[in-house]
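Trainee: Could you take me on a close look at a single part of this protein? I would love one connected walk through it.

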Amino acid sequence: MAIKLGIDTGGTYTDAVLFDDDLGVVRSAKSLTTKHDLSMGIGKATRKVLDGQNPNTIDLVSVSTTLATNAIVEQHGAPACLVMIGFGEEALERGGLGKVIGKDPVAFIEGGHRAQGHRLAPLDREALMKVAQEYGDKVSAFAIAARFAVRNPAHENEAKEFLRDFTGKPVTCSHELAADLDAPRRALTAVLNARLIFLLQQLVDAVQNLLDEEKVTAPLMVVQGDGSLITAEMALSRPVETILSGPAASLVGAQYLANEKDMIVSDMGGTTSDVAVLRDGRPVLDESGAVVGGFRTMVRAVSVRTYGLGGDSEIRWDTALKDLVAGPRRTVPLSLLVDEYPAMLKVLEKQVKERKMDAQNGIFVLRLRSLLTDRTGFSKAELEVWDALERGPIAITEFDREFLLRKAVISLENQGLIIRSAFTPSDASHVLGRQRNWNAEGGKLGAELWCWPKELDGWEGMSSIEEFAERVVEQVVRQTGECLVATALEDAGLRNHWDGGHLGNSLVKAATSLQNDQGMINVDFKLRQPIVGIGAPAALYYQPVADRLSAKLILPPSGDVCNAVGAVAASVTRSLKVLITVPAEGLYRVHLPSGNKDFKEDLDAAWSYAREEGRTSVSALAKEAGASDPEIRLTEDQDVVDAKGKEMFLEGRLNLVASGRPRLAVR
């Protein structure tokens, strides 16, 4: 029997569970996630479940998090510099790399290798020095992507050592995160990794400091995007691998709690809804790389569709659709804002009393986290907004007086430093009395502001706050149904028959709407597998969704803390790819992350070396990740052609996977 502590930090809530291998969930607790100081929310939830528990009985602590996913979806993260070795600026036009980089600096320097691992050009260390001097104090981390680094990582490793020693900043190499040849996508993954290091460091520090205070000495693990665990130390160097950590943990937890083999899981949190399919009790994995925020990374993760739809999604009017829309931006619910900052109630009351049609009424801004760099990188207007928010939230209308201030607000939002507060589905639930954990007056006043005609094309207002709240709930139900249908169609290979087509979109919208009236046609979708609804808002929205899709609904016990359950029910898994190429006739080259080795006229020796070193390397990776006695699975394939009646070897590939249960505390 082992007792484990599971913690999940979501966009809105932080959950904690005390988990017994034999009894399951023994105790659970929730608290608001405090992004400005993660230790507060983590401490509150964790201390509740640890109350009365002997800290020496805790064998493992594991954390899942949506921080990385949300940071990418919301386009937040610390500034990073990308160093491209052996590439020109045209590389930014591929794979969405230029869009991901945005305003962050990019440097192009000479170096890199050819496809077979031969050096293309010497590494330009002088240019590397200039990069370090120019950007060392302006960014939080560096990312390096060199031409054909997966065939020879020498220049990435050399550049990493130089930049790390010279600047003292974290450095990410693309070959450490992916083994595929798509260099721009490797670069994109490395950039995201570099941006996330600071955020994950805050989380790990917060949890570790809490454990030290509570005298818990158990190993600390973090959930990866594929649902497996790694040590906190390894996670700090590979934070991008925690993309979809929360969804992956929720799938592991959902399978444990629902005890179903085949199902569609929908996890609605405060910021996002994550929808995925489980077959034979295992999450379907996206081997081509996780897609988050519209960007395809090279992170091996659960095949999950992440939508900007949650309990805290901003309710906005879409002038093109002439309809209310929830998300994709996360905001602080007005009921929560007023609960935490009571003075904002008077501001809302004043806006209601003035009865202005300003579309910005009912919207506030407040600080979200501390500055990630010094103040020199910010404009005068940005600093004016930032300093004004030191005293607490401010109505966004206060910044409308000057164009530069409005622009500064948007810039600080995009950097993840401040956040809006506006009407959300959570506020609608408070208005309707279905949710009571915050101050409902904030939501009611926000709804009243929406009831009037506004300076929005097509919006004519509503007759009552209850009518408006019901319309918001209906919109969330419909959008949730569309998310489930989209996932089911994609799983069936039919996504292209719907997405982007007017007829397909209309049919799906009709099937998921309350008023399914298309004249002579009645549109129905039926999901064959049960819907497992998890996450705090699931009970509020998923029953009508299941009814409209003629599906069985399962709301498992402890489903509101499913991610924290999955965090301690997971195991450790690491994978490795080894490649054998033929750079010249009669020469066989084995490519490993540690370096290359050549074999002349002896293919069997190359295969033997690849197997032996591959097993040793992947076992070491699993043990470094925290596995106890990992088991190794090996698959091989090769490309051969017939050359005048004789087989000619072109390329060989070995895929190795090492898995094991996480190491527990030593007593």
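Which strand do three bridges join to β4, and do the two run parallel or antiparallel?

Mentor: Happy to! Bear in mind as we go that this is a predicted model. The partner you are asking about is strand β9, residues 220–223, and β4 and β9 run parallel, joined by three bridges. To find the pairing on screen, look for V63, which stands opposite V222 in β9.

Now turn to the other neighbour of β4. Strand β1, residues 3–9, pairs with β4 in the parallel sense, over seven bridges. Here T9 is a handy marker, since T9 stands opposite T65 in β4. T9 also stands opposite T14 in β2, so you can use T9 to step across to the next strand. That strand, β2, covers residues 13–20 and is joined to β1 by seven bridges, with β1 and β2 running antiparallel.

Put these pieces together and you have much of an open sheet of six strands, in the order β3-β2-β1-β4-β9-β10, with mixed pairing. At the edges are β3 (24–32) and β10 (229–231), each of which pairs on one side only. From one strand to the next, the twist averages 25°.

How enclosed is β4 itself? Strand β4 spans residues 58–65, and eight of its eight residues are buried, so the strand is largely enclosed by the rest of the structure. The cut-off behind that word is a relative accessible area under 20%. When you inspect the side chains, a general point helps: in a regular strand they alternate between the two faces of the sheet.

One helix belongs in this picture as well. Helix α1, residues 38–50, lies across β1, β2, β3 and β4. Its direction is at about 150° to β3.

For a contrast with the strands, try a buried residue in a loop. N361 sits in the loop between α10 (343–354) and β22 (364–367). With a relative accessible area of 9%, N361 is buried. Leaving aside residues up to four places away in sequence, N361 touches Q351, K356, T397, L449 and K454.

If you would like a charged pair to finish on, pick R589 and D598. They form a salt bridge whose closest N and O atoms are 2.7 Å apart. R589 is buried, at 7% relative accessible area, whereas D598 is partly exposed, at 37%.

Conventions:
Residues numbered from 1 in each chain as written. Predicted model: local features only at pLDDT ≥ 70, side-chain atom pairs only at ≥ 80, totals over all residues. Heavy atoms only, no water. Buried < 20%, exposed > 50% of the residue type's maximum accessible area, 1.4 Å probe, protein only. Helix = DSSP H or I, 4+ residues; strand = E, 2+ residues; numbered from the N terminus. Pairing = 2+ DSSP bridges. Contact = heavy atoms within 4.5 Å. Axes fitted to C-alpha atoms, helices over the stretch in contact; angles between N-to-C directions. Salt bridge = Lys/Arg side-chain N within 4 Å of Asp/Glu carboxyl O.
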